[in-house]
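Good morning, colleagues. I would ask you to bring the sequence and the structure up on your screens before I begin.

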Amino acid sequence: MPDMERWPTSRLLSTAARLVELAWNDKLRPLGLTYPAVLTLDAVATAGPVTPGELARSVRVQAQTMGPLLTRLEARGYILRQPNRFDRRSQLISITNLGLTLLEQSRNQENNVLSVVDLDSEGLREELLAIVRHANFN
């Protein structure tokens, strides 16, 4: 086991994020969802009809990554793609009722992921929000 006491905070944060994502994926598997799928469904539900490019920026992934995920979500009936009447070259993505139902079920699972760890979740949440809000580390 590596000496984690010597790890920089950024490495601890990255490792913790991966472990939480793996645990969340385990909880989501029975729903037929993955962590990226939930992030995408949540972004669509929040933004309303949205273009794939706007969605990729919102979820903070490359547009090429978003395409295959949207294809899978559409095939399962979680989202709907429609032509954008303002720009015929693009599409608008919206969430279906089935997608909303699964998103709500996933939120219930998400709340259980960290329940096994005794931590100051509100304090941690505020610190994580600060990182995400100011995440221009260039």
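I shall speak first about confidence, then about two helix pairs, and lastly about two individual residues.

Please bear in mind that this is a predicted model. Across the chain the mean pLDDT is 87, and 97% of the residues score at least 70. Among the elements, strand 2, residues 91–95, has the highest mean pLDDT, at 94. The lowest mean, 83, belongs to helix 6, residues 121–133. As a general caution, predicted coordinates should not be read in detail where pLDDT is low.

Let me turn to the helix packing. Two packed helices are described by the angle between their axes and the distance between the axes. Helix 2, residues 35–47, enters into both of the pairs that I wish to discuss.

Consider helix 2 with helix 5, which spans residues 97–113. Their axes lie 10 Å apart, and the packing angle is about 120°. The two helices are therefore oblique to each other. As for handedness, helix 2 passes helix 5 in a left-handed crossing. Which residues make the contact? Helix 2 contributes Val38, Leu41, Asp42 and Ala45, while helix 5 contributes Gly99, Leu100, Leu103, Ser106 and Arg107. Sorted by class, this contact comprises five nonpolar, two polar and two charged residues.

The second pair is helix 2 with helix 4, residues 63–75. Here the angle is about 85°, and the axes are 11 Å apart. Helix 2 is thus roughly perpendicular to helix 4, since angles of 65 to 115 degrees count as such. On the helix 2 side the contact involves Pro36, Ala37, Thr40 and Leu41; on the helix 4 side it involves Met66, Leu69, Leu70 and Leu73. The classes here are seven nonpolar residues, one polar residue and no charged residues. Leu41 of helix 2 appears in the contact with helix 5 and also in the contact with helix 4.

I now come to the individual residues. Asparagine 25 is found in helix 1, residues 9–28. Is its side buried or exposed? Asparagine 25 has a relative accessible area of 16% and is therefore buried, the cut-off being under 20%. Leaving aside residues up to four places away in sequence, asparagine 25 touches Thr34 and Tyr35.

Arginine 60 sits in the loop between helix 3, residues 52–59, and helix 4. Although arginine 60 is not a glycine, its phi is positive, at about 65°. Its relative accessibility is 60%, so arginine 60 counts as exposed, the threshold being over 50%.

Thank you for your attention.

Notes. Residues are numbered from 1 along each chain as its sequence is written. This is a predicted model: local features need pLDDT of at least 70, side-chain atom pairs count only at pLDDT 80 or more; totals for chains, interfaces and linings use all residues. Side-chain values use heavy atoms; hydrogens and water are left out. pLDDT is the predictor's confidence in each residue, from 0 to 100. Helices (H or I, at least four residues) and strands (E, at least two) are DSSP runs, numbered from the N terminus. Axes are lines fitted to C-alpha atoms, for helices over the stretch in contact, and angles run from 0 to 180 degrees between N-to-C directions. Angles under 35 degrees count as roughly parallel, over 145 as roughly antiparallel, 65 to 115 as roughly perpendicular and the rest as oblique. A crossing is left-handed if the near helix is turned anticlockwise from the far one by less than a right angle, and right-handed if clockwise. Contact means heavy atoms within 4.5 Å. Ala, Val, Leu, Ile, Met, Phe, Trp, Tyr, Cys and Pro count as nonpolar, Asp, Glu, Lys and Arg as charged, and the others, Gly among them, as polar. Buried means under 20% relative accessible area, exposed over 50%, partly exposed in between (1.4 Å probe, protein chains only).
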